[in-house]
Amino acid sequence: MRAQNSATASERIAVATPHETPAVGGTLQAVLGVTAFSLTFPATAWGLEGFGPWSLVAVRSVLAALIAGACLLATRVRLPERRHWAGLAVVAAGVVVGFPLLTTLALETSTTAHAAVVVGLLPLTTALFSALRTGHRPSRTFWTAALAGAAAVVAFTVQQSGGALTTADLYLFAALLVCAAGYTEGGRLARVMPGWQVIGWALVLCLPLSVPAAALALSYEPAQLTAHSVTGVLWVAAGSQFLGLVVWYRGMAAIGIPKASQLQLAQPLLTLVWSVLLLGEHPTAAAPLTAAAVLVCIAVTQRARG
């Protein structure tokens, strides 16, 4: 009887491990991606101390593409199938070009704390794009929690801006749309190819445009190399634009786009911390309340079954 029970327990472990391990690993990778992204706005603010907005975006794209291209060549990765190039173009337009450019333009006049809170709507936007693109229908509990988290973010944003939207906010809302499209398509492609190859090929796809764009932008916006500006550019290129997206896409592929996107509700809170530690900004007292509300929503969405 004990032998039979032991065998049964072993069978349960053998069956559970393949399903549970990817979920745990996927969540961890998504969290690492969110952590990398949370440093993007402070790093961009540092980069803007020595670069213009257009040159900063172009240079970060070129540097990230060189890193990605070197990795693709070193591992002798074959070209993606023709049917995947359209999806990679969406990733490139949304994640490599659109989001960095729009948020950089916004950060010329907005604080990183304010921008981070507005971009807190990205998880809900990504979930909506995912539902439209993949046909996945999360549960009502999932949507209720997601909407509650978005409402908390909107309330915080309105309180920060005094009830009026600015040009920077419009840039940020446009950034939400293009980034959500890129995340959704990238998460879908990460199910059929490694996540690092998804963003790698998207970056390489942009090289014919990013190289001349960088040369042109630098001719109009000469760079002033300082410790902050160089560190900022290197982080947004290597950390945010490549390594962060590698683990992010892998995480989305493992646990699903909607659930992974809800982990990103924590990103504004982390960015608020970095804005204080790295930039000396002082967010309002509403931040802790928003943090508590958002964390509750994350817990609910992670438990809700689609």
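Helices (H or I, at least four residues) and strands (E, at least two) are DSSP runs, numbered from the N terminus.

**View 1. The fold of the protein chain.** This predicted model counts local features at pLDDT of at least 70 and side-chain atom pairs at pLDDT 80 or more, while totals for chains, interfaces and linings use all residues. Residues are numbered from 1 along each chain as its sequence is written, and side-chain values use heavy atoms, without hydrogens and water. The protein chain has 13 helices and zero strands. Of its 306 residues, 51% are buried (under 20% relative accessible area, 1.4 Å probe, protein chains only).

**View 2. The largest nonpolar core.** Such a core joins buried Ala, Val, Leu, Ile, Met, Phe, Trp, Tyr and Cys residues through side-chain atoms within 4.5 Å. This one holds 69 residues; Tyr183, Ile199, Trp248 and Tyr249 touch the most other members. Helix H10 (residues 227-255) gives the most, with nine residues. A second, separate core has seven residues, among them Val59 and Val233.

**View 3. The surroundings of Tyr183.** Contact means heavy atoms within 4.5 Å. Leaving out residues up to four places away in sequence, Tyr183 touches Phe37, Val95, Leu122, Thr126, Leu245, Trp248, Tyr249, Met252 and Gln264.

**View 4. Helix H4 against H10.** H4 (residues 85-106) packs on H10 at about 135 degrees, with axes 13 Å apart. Axes are lines fitted to C-alpha atoms over the stretch in contact, and angles run from 0 to 180 degrees between N-to-C directions. H4 is therefore oblique to H10 (not under 35, over 145 or 65 to 115 degrees). Val91, Val95, Val96 and Pro100 of H4 meet Gln241, Leu245 and Tyr249 of H10.

Key: Buried < 20%, exposed > 50% of the residue type's maximum accessible area, 1.4 Å probe, protein only.
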